[in-house]
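Biologist: Please take me through this model step by step, and explain each term as it arises.

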Amino acid sequence: MATAFDPYDLGGKPLANRIVMAPMTRSRAYGAGATPTDLMATYYAQRAGAGLIVTEGTQPSVVGQGYPDTPGLHSAEQVEAWRKVTDAVHDEGGVIFAQLMHTGRIGHPSLLPDDQLPVGPSAVAPQGQVFTHEGPKDFVTPKELTEAEITRTIDEFAVAARNAVAAGFDGVEIHGANGYLVHQFLAPNANRRTDAWGGSVDGRIRFAVEVATAVAQAIGGEKVGFRISPGNPYNDIAEDDLQETYGALVARLAPLGLAYLHQMEAPGVRDLVLRLRKEWPGTFILNPFTGTDPTGPDELGLVEDGIADLIAYGALYLANPDLPARLAAGGPFNTPDRATSFGGDHRGYTDYPALG
């Protein structure tokens, strides 16, 4: 029987254990041009004991940025700066994937050059606010992407994936969850298109499938993960056809030979977790739903039970850089300081320092 502490082969990349550090936005790319800093290199290197690290969301284009001080992978300057991070993790024996996150309609003109509008599948403003350097601001109505702009955005994901490999990353994770651009295309309340990119299930999953296909062709499917969060209402997402939508999506992604499928579990969807686990032909990572508590030692049994190949831990990693060792010992665990973060979620939705 496998345990979370056993080694694992991820598409030919050996992992020391089956514990994943979930992606958590930290807003610490204070360098010029949204570049990573020495602080970020230290932060990730301290957590290199994870079998796999997935970085904070990293925008594949300028317009893909939705939060202050988040890093990019769309310039030579950013590629060079990320090498400090990947070198630091590899020096400690770790494996690290870059999460490619285009925030879509989640953002604000004040975060973009020349007060550009955020973009989305449809011109539908989400309810809520976003943090900016000037404090919280209401979401705005995004610019609806044209078909030509959709094609260009897909190309930007592929270029960012190549940049990630050039920066020394072992692979990338496509962020198809948490109400960001890929998820917006999947969700009927955010995607009201009537062309080939919306409407039917096949139309709504098309963007996700084409992004994954382009990225896999760019760097090899064995270096590409894909994250989903069916039923997660974060960032004003509403989905009412989870079984049909995600069954169809997984069926289309399966032939691409991706490194893994990473599901962040929303409340009440364990039946879908079990279905997708069964239907997905490769590595299945689960970021389990644990109510108001952080994912902890009890969730290690999900590997032993065969429900997941790897288990992702979010907020507990912030306060416990040596988390695998603490899990193996049964603790003790430092408690994450929720007062110093905004938008945090114990399963790794987002977790970044309060601004201002």
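Modeller: Helices (H or I, at least four residues) and strands (E, at least two) are DSSP runs, numbered from the N terminus. Residues are numbered from 1 along each chain as its sequence is written, and side-chain values use heavy atoms, with hydrogens and water left out. This is a predicted model, in which local features need pLDDT of at least 70 and side-chain atom pairs count only at pLDDT 80 or more, while totals for chains, interfaces and linings use all residues.

Biologist: What pLDDT does the chain average?

Modeller: The term pLDDT is the predictor's confidence in each residue, from 0 to 100. Of the residues, 95% score at least 70, and the chain average is 94. Over residues 339-356, however, the pLDDT is below 50. To return to the value requested, the average is 94.

Biologist: In which loop does Asn-235 lie, and is it buried or exposed?

Modeller: Asn-235 is located in the loop between S11 and H6. Its phi is near 60°, a positive value in a residue other than glycine. Buried means under 20% relative accessible area, exposed over 50%, and partly exposed in between (1.4 Å probe, protein chains only). Because its relative accessible area is 11%, Asn-235 is buried.

Biologist: Asp-236 lies in the loop between S11 and H6 as well; which accessibility class does Asp-236 fall in?

Modeller: The phi of Asp-236 is near 60°, a positive value in a residue other than glycine. Most residues other than glycine have a negative phi. Since its relative accessibility is 27%, Asp-236 counts as partly exposed.

Biologist: With which side chain does that of Asp-241 form a polar contact?

Modeller: Asp-241 is found in the loop between strand S11 (224-228) and helix H6 (242-253), and it counts as buried because its relative accessibility is 16%. A polar contact is a pair of N or O atoms within 3.5 Å; within protein, one must be able to donate a hydrogen and the other to accept it, and residues adjacent in sequence count only if both atoms are side-chain atoms. At 2.7 Å, the side chain of Asp-241 is joined to that of Arg-204.

Biologist: Which helix gives the largest share of the largest nonpolar core?

Modeller: A nonpolar core is a set of buried Ala, Val, Leu, Ile, Met, Phe, Trp, Tyr and Cys residues joined through side-chain atoms within 4.5 Å. The largest has 84 residues, and Phe-207 is one of those with the most contacts inside it. The largest share, 11 residues, comes from helix H5 (residues 201-219).

Biologist: Which residues of helix H7 are buried, and why do they lie on the same side?

Modeller: The arc is that of the directions from the helix axis to the C-beta atoms. The buried residues of H7 cover an arc of only 105° around the axis, which means that they lie on the same side of H7. In contacts (heavy atoms within 4.5 Å), they pack against S11, H6, strand S12 (260-264) and strand S13 (283-287). In H7 (residues 270-279), the buried residues are Leu-272, Val-273 and Leu-276.

Biologist: Which two residues does a cis peptide bond join?

Modeller: Most peptide bonds are trans. Here, omega is about 0° at a cis peptide bond that leads to Pro-332, a residue in the loop between helix H10 (323-329) and strand S15 (341-342). The two residues joined are Gly-331 and Pro-332.
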